[in-house]
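User: Hi! Could you walk me through how the pieces of this fold pack together?

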Amino acid sequence: MTIDLKGRIALVTGASRGIGYFTAIELAKAGAHVIACARTVGGLEDLDDAIKAVGGTATLVPFDLSDMAAIDQLGGHIFERWGKLDIAVLNAGVLGVISPIGHVEAKVFDKVMTINVTATWRLMRSLEPLLVKSDQGRALILSSGAAHKCKPFWGPYSASKAAVEALARTWAAETQRLPLRILSVDPGATRTAMRAQAMPGEDPDTLPHPSEVAAKLLPLVGPEQTETGKLFVVREGKILDYRMPE
(Lines give C-alpha, C1' and ligand atoms only; values in the text may rest on other atoms or scores of the structure.)
Protein backbone atom coordinates (compact mmCIF):
# COMPACT_ATOMS: atom_id res chain seq x y z
CA MET A 1 0.00 0.00 0.00
CA THR A 2 1.40 3.39 -1.01
CA ILE A 3 1.18 6.09 1.65
CA ASP A 4 0.99 9.64 0.30
CA LEU A 5 2.14 12.21 2.86
CA LYS A 6 2.73 15.14 0.52
CA GLY A 7 2.09 18.41 2.32
CA ARG A 8 2.26 16.75 5.73
CA ILE A 9 4.54 17.89 8.55
CA ALA A 10 6.05 15.09 10.65
CA LEU A 11 8.18 15.27 13.78
CA VAL A 12 10.49 12.44 14.88
CA THR A 13 12.48 12.36 18.12
CA GLY A 14 15.61 10.27 18.44
CA ALA A 15 16.04 10.76 14.70
CA SER A 16 19.82 10.57 14.51
CA ARG A 17 20.02 6.76 14.57
CA GLY A 18 18.13 3.48 14.80
CA ILE A 19 14.38 3.29 14.38
CA GLY A 20 13.97 7.07 14.50
CA TYR A 21 16.52 7.61 11.73
CA PHE A 22 14.91 5.17 9.33
CA THR A 23 11.36 6.24 10.22
CA ALA A 24 12.32 9.80 9.32
CA ILE A 25 13.57 8.58 5.92
CA GLU A 26 10.36 6.60 5.31
CA LEU A 27 8.25 9.65 6.13
CA ALA A 28 10.33 11.82 3.79
CA LYS A 29 10.11 9.25 0.99
CA ALA A 30 6.31 9.36 1.36
CA GLY A 31 6.39 13.14 0.89
CA ALA A 32 6.29 14.51 4.45
CA HIS A 33 8.54 17.35 5.56
CA VAL A 34 10.40 15.92 8.55
CA ILE A 35 11.25 17.84 11.71
CA ALA A 36 14.13 15.71 12.96
CA CYS A 37 15.03 16.00 16.64
CA ALA A 38 18.04 14.46 18.39
CA ARG A 39 21.04 15.33 20.54
CA THR A 40 23.68 14.38 17.97
CA VAL A 41 24.28 17.06 15.35
CA GLY A 42 26.44 14.77 13.20
CA GLY A 43 23.74 12.11 13.13
CA LEU A 44 21.12 14.66 12.15
CA GLU A 45 23.35 15.94 9.35
CA ASP A 46 23.78 12.38 8.07
CA LEU A 47 20.01 12.00 8.17
CA ASP A 48 19.55 15.24 6.25
CA ASP A 49 21.84 13.91 3.51
CA ALA A 50 19.90 10.63 3.38
CA ILE A 51 16.57 12.46 3.17
CA LYS A 52 17.83 14.70 0.37
CA ALA A 53 19.03 11.58 -1.45
CA VAL A 54 15.45 10.25 -1.59
CA GLY A 55 14.08 13.62 -2.71
CA GLY A 56 12.77 14.67 0.68
CA THR A 57 13.17 17.70 2.94
CA ALA A 58 13.92 18.08 6.63
CA THR A 59 14.36 20.65 9.36
CA LEU A 60 17.01 19.68 11.91
CA VAL A 61 16.38 20.47 15.58
CA PRO A 62 19.31 19.44 17.79
CA PHE A 63 18.46 19.45 21.49
CA ASP A 64 18.51 17.21 24.56
CA LEU A 65 15.18 15.88 25.79
CA SER A 66 16.22 16.66 29.34
CA ASP A 67 15.86 20.35 28.36
CA MET A 68 12.21 20.81 29.26
CA ALA A 69 12.16 24.48 28.27
CA ALA A 70 13.32 23.50 24.77
CA ILE A 71 10.45 21.00 24.51
CA ASP A 72 7.96 23.68 25.52
CA GLN A 73 9.41 26.09 22.95
CA LEU A 74 9.35 23.48 20.21
CA GLY A 75 5.58 23.61 19.85
CA GLY A 76 5.64 27.39 19.55
CA HIS A 77 8.32 27.33 16.87
CA ILE A 78 6.39 24.75 14.84
CA PHE A 79 3.22 26.83 15.11
CA GLU A 80 5.01 29.97 13.95
CA ARG A 81 6.43 28.25 10.88
CA TRP A 82 3.76 25.73 9.83
CA GLY A 83 0.70 26.40 12.01
CA LYS A 84 0.08 22.69 12.60
CA LEU A 85 1.65 19.25 12.94
CA ASP A 86 0.29 16.17 11.19
CA ILE A 87 2.49 13.38 12.54
CA ALA A 88 4.50 12.89 15.74
CA VAL A 89 6.75 9.89 16.29
CA LEU A 90 7.97 10.02 19.88
CA ASN A 91 10.78 7.53 19.59
CA ALA A 92 13.70 8.78 21.71
CA GLY A 93 14.53 6.88 24.88
CA VAL A 94 17.32 5.54 27.05
CA LEU A 95 17.89 2.10 28.57
CA GLY A 96 19.52 3.04 31.84
CA VAL A 97 21.16 -0.05 33.27
CA ILE A 98 20.38 -3.77 33.44
CA SER A 99 20.65 -4.35 37.17
CA PRO A 100 18.78 -5.51 40.26
CA ILE A 101 16.42 -2.76 41.42
CA GLY A 102 18.28 -2.33 44.68
CA HIS A 103 21.56 -1.73 42.85
CA VAL A 104 20.30 0.98 40.49
CA GLU A 105 21.81 4.38 41.26
CA ALA A 106 19.30 7.15 41.87
CA LYS A 107 20.80 9.34 39.16
CA VAL A 108 20.42 6.52 36.61
CA PHE A 109 16.78 5.90 37.57
CA ASP A 110 16.04 9.63 37.46
CA LYS A 111 17.56 9.95 33.96
CA VAL A 112 15.48 7.06 32.60
CA MET A 113 12.30 8.61 33.99
CA THR A 114 13.23 12.10 32.79
CA ILE A 115 13.95 11.09 29.18
CA ASN A 116 11.46 8.27 28.74
CA VAL A 117 8.49 9.54 30.75
CA THR A 118 8.66 13.22 31.67
CA ALA A 119 9.96 14.33 28.28
CA THR A 120 7.32 12.22 26.52
CA TRP A 121 4.56 13.87 28.56
CA ARG A 122 6.07 17.28 27.93
CA LEU A 123 6.13 16.57 24.17
CA MET A 124 2.49 15.47 24.25
CA ARG A 125 1.58 18.72 26.00
CA SER A 126 3.62 20.87 23.63
CA LEU A 127 2.48 19.16 20.42
CA GLU A 128 -1.19 18.43 21.07
CA PRO A 129 -2.42 21.93 20.09
CA LEU A 130 -0.63 21.47 16.75
CA LEU A 131 -1.78 17.90 16.13
CA VAL A 132 -5.44 18.77 16.68
CA LYS A 133 -5.17 21.43 13.97
CA SER A 134 -4.48 18.66 11.45
CA ASP A 135 -7.40 17.03 9.66
CA GLN A 136 -5.77 13.64 10.32
CA GLY A 137 -3.25 13.97 13.12
CA ARG A 138 -1.32 10.83 13.99
CA ALA A 139 0.96 10.11 16.96
CA LEU A 140 3.11 7.03 17.54
CA ILE A 141 4.61 6.52 20.99
CA LEU A 142 7.47 4.01 21.01
CA SER A 143 7.15 1.52 23.82
CA SER A 144 8.59 -1.94 24.40
CA GLY A 145 7.62 -5.48 25.33
CA ALA A 146 9.47 -4.69 28.56
CA ALA A 147 6.40 -2.70 29.64
CA HIS A 148 4.46 -5.95 29.99
CA LYS A 149 7.06 -8.67 30.60
CA CYS A 150 8.77 -6.96 33.55
CA LYS A 151 11.75 -9.31 33.42
CA PRO A 152 14.28 -9.38 36.25
CA PHE A 153 16.92 -6.62 36.13
CA TRP A 154 14.95 -4.45 33.65
CA GLY A 155 13.11 -2.47 36.37
CA PRO A 156 13.73 1.19 35.42
CA TYR A 157 13.24 0.65 31.68
CA SER A 158 10.16 -1.56 32.17
CA ALA A 159 8.61 0.95 34.56
CA SER A 160 9.29 3.84 32.20
CA LYS A 161 7.71 2.12 29.21
CA ALA A 162 4.67 1.04 31.24
CA ALA A 163 4.25 4.69 32.22
CA VAL A 164 4.60 5.80 28.61
CA GLU A 165 1.85 3.41 27.53
CA ALA A 166 -0.41 4.69 30.32
CA LEU A 167 0.16 8.25 29.12
CA ALA A 168 -0.54 7.29 25.50
CA ARG A 169 -3.75 5.44 26.40
CA THR A 170 -4.97 8.34 28.52
CA TRP A 171 -4.15 10.85 25.79
CA ALA A 172 -6.01 8.74 23.24
CA ALA A 173 -9.08 8.53 25.49
CA GLU A 174 -9.07 12.30 25.95
CA THR A 175 -8.91 12.94 22.20
CA GLN A 176 -10.97 10.04 20.86
CA ARG A 177 -13.68 12.34 19.46
CA LEU A 178 -11.09 14.26 17.44
CA PRO A 179 -9.39 13.25 14.18
CA LEU A 180 -6.16 12.65 16.17
CA ARG A 181 -5.25 8.93 16.37
CA ILE A 182 -2.68 7.72 18.91
CA LEU A 183 -0.95 4.33 19.10
CA SER A 184 1.77 2.85 21.26
CA VAL A 185 4.30 0.74 19.35
CA ASP A 186 6.22 -2.33 20.51
CA PRO A 187 9.01 -2.68 17.92
CA GLY A 188 10.39 -5.89 19.38
CA ALA A 189 14.10 -6.68 19.59
CA THR A 190 15.80 -4.66 16.85
CA ARG A 191 19.38 -4.21 15.65
CA THR A 192 20.03 -0.94 17.49
CA ALA A 193 22.69 0.50 19.78
CA MET A 194 20.30 0.29 22.73
CA ARG A 195 19.72 -3.41 22.12
CA ALA A 196 23.48 -4.00 21.92
CA GLN A 197 23.87 -2.19 25.25
CA ALA A 198 21.23 -4.39 26.86
CA MET A 199 22.33 -7.69 25.28
CA PRO A 200 26.05 -7.40 24.46
CA GLY A 201 26.47 -11.12 23.74
CA GLU A 202 23.65 -11.28 21.19
CA ASP A 203 24.37 -11.67 17.48
CA PRO A 204 22.87 -8.51 15.94
CA ASP A 205 22.49 -10.22 12.57
CA THR A 206 19.73 -12.37 14.10
CA LEU A 207 17.58 -9.27 14.67
CA PRO A 208 15.51 -7.19 12.24
CA HIS A 209 17.22 -4.06 10.95
CA PRO A 210 15.60 -0.79 12.12
CA SER A 211 14.73 0.02 8.51
CA GLU A 212 12.43 -3.02 8.53
CA VAL A 213 10.63 -1.71 11.60
CA ALA A 214 10.35 1.78 10.10
CA ALA A 215 8.69 0.42 6.96
CA LYS A 216 6.00 -1.18 9.14
CA LEU A 217 5.36 2.04 11.02
CA LEU A 218 4.63 4.13 7.93
CA PRO A 219 1.08 2.78 7.35
CA LEU A 220 0.20 3.69 10.94
CA VAL A 221 0.40 7.42 10.12
CA GLY A 222 -1.71 7.23 6.97
CA PRO A 223 -5.37 8.24 6.75
CA GLU A 224 -6.58 4.63 6.53
CA GLN A 225 -5.38 3.88 10.08
CA THR A 226 -8.18 4.96 12.40
CA GLU A 227 -7.55 2.97 15.60
CA THR A 228 -6.56 4.88 18.72
CA GLY A 229 -5.49 4.02 22.26
CA LYS A 230 -4.13 0.62 21.25
CA LEU A 231 -0.79 -1.14 20.85
CA PHE A 232 0.85 -2.02 17.54
CA VAL A 233 3.15 -5.04 17.87
CA VAL A 234 5.61 -4.90 14.98
CA ARG A 235 6.62 -8.57 15.09
CA GLU A 236 2.96 -9.63 14.79
CA GLY A 237 1.95 -6.83 12.43
CA LYS A 238 -1.20 -6.35 14.53
CA ILE A 239 -2.93 -3.58 16.47
CA LEU A 240 -3.96 -5.08 19.80
CA ASP A 241 -6.44 -4.03 22.49
CA TYR A 242 -5.25 -3.57 26.04
CA ARG A 243 -6.90 -5.75 28.64
CA MET A 244 -7.15 -5.96 32.40
CA PRO A 245 -5.14 -8.60 34.29
CA GLU A 246 -6.81 -12.02 34.48
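Analyst: Happy to; we can start with the sheet and then turn to the helices. This is a predicted model, where local features need pLDDT of at least 70, side-chain atom pairs count only at pLDDT 80 or more, and totals for chains, interfaces and linings use all residues. Residues are numbered from 1 along each chain as its sequence is written, and side-chain values use heavy atoms, with hydrogens and water left out.

User: Cool. In what order do the 8 strands of the open sheet come?

Analyst: The order is E3-E2-E1-E4-E5-E6-E7-E8, with mixed pairing. Strands (E, at least two residues) and helices (H or I, at least four) are DSSP runs numbered from the N terminus, and two strands pair if DSSP finds at least two bridges between them.

User: Which strands stand at the edges?

Analyst: Strand E3 (57-62) and strand E8 (238-240); each has a single partner strand, so one side of each lacks a neighbour in the sheet. Direction ignored, neighbouring strands are turned by 20 degrees against each other on average.

User: In what sense do E4 and E5 pair, parallel or antiparallel?

Analyst: Parallel: E4 (residues 87-90) and E5 (residues 138-142) share 4 bridges. Alanine 88 has alanine 139 in E5 as its bridge partner.

User: Switching to helices: which strands does H3 touch?

Analyst: H3 (residues 68-82) packs on the sheet and touches E1, E2 and E3, its direction making about 160 degrees with that of E2. Helix H1 (residues 18-29) lies across E1 (9-13), E2 (33-38) and E4, at about 170 degrees to E1. Axes are lines fitted to C-alpha atoms, for helices over the stretch in contact, and angles run from 0 to 180 degrees between N-to-C directions. Contact means heavy atoms within 4.5 Å.

User: And at what angle do H4 and H6 pack?

Analyst: About 15 degrees, with the axes of H4 (residues 106-131) and H6 (residues 155-174) 9 Å apart. That makes H4 roughly parallel to H6 (angles under 35 degrees count as roughly parallel). Among the residues that meet are Phe109 and Trp121 in H4 and Tyr157 and Trp171 in H6.

User: What kinds of residues make up the contact of H4 with H6?

Analyst: They divide into 15 nonpolar, 3 polar and 2 charged. Ala, Val, Leu, Ile, Met, Phe, Trp, Tyr, Cys and Pro count as nonpolar, Asp, Glu, Lys and Arg as charged, and the others, Gly among them, as polar.

User: How far apart are the axes of H3 and H4?

Analyst: They lie 9 Å apart, at an angle of about 25 degrees. H3 and H4 are therefore roughly parallel to each other. The contact includes Ile71 and Phe79 of H3 and Leu123 and Leu130 of H4.

Key. Angles under 35 degrees count as roughly parallel, over 145 as roughly antiparallel, 65 to 115 as roughly perpendicular and the rest as oblique.
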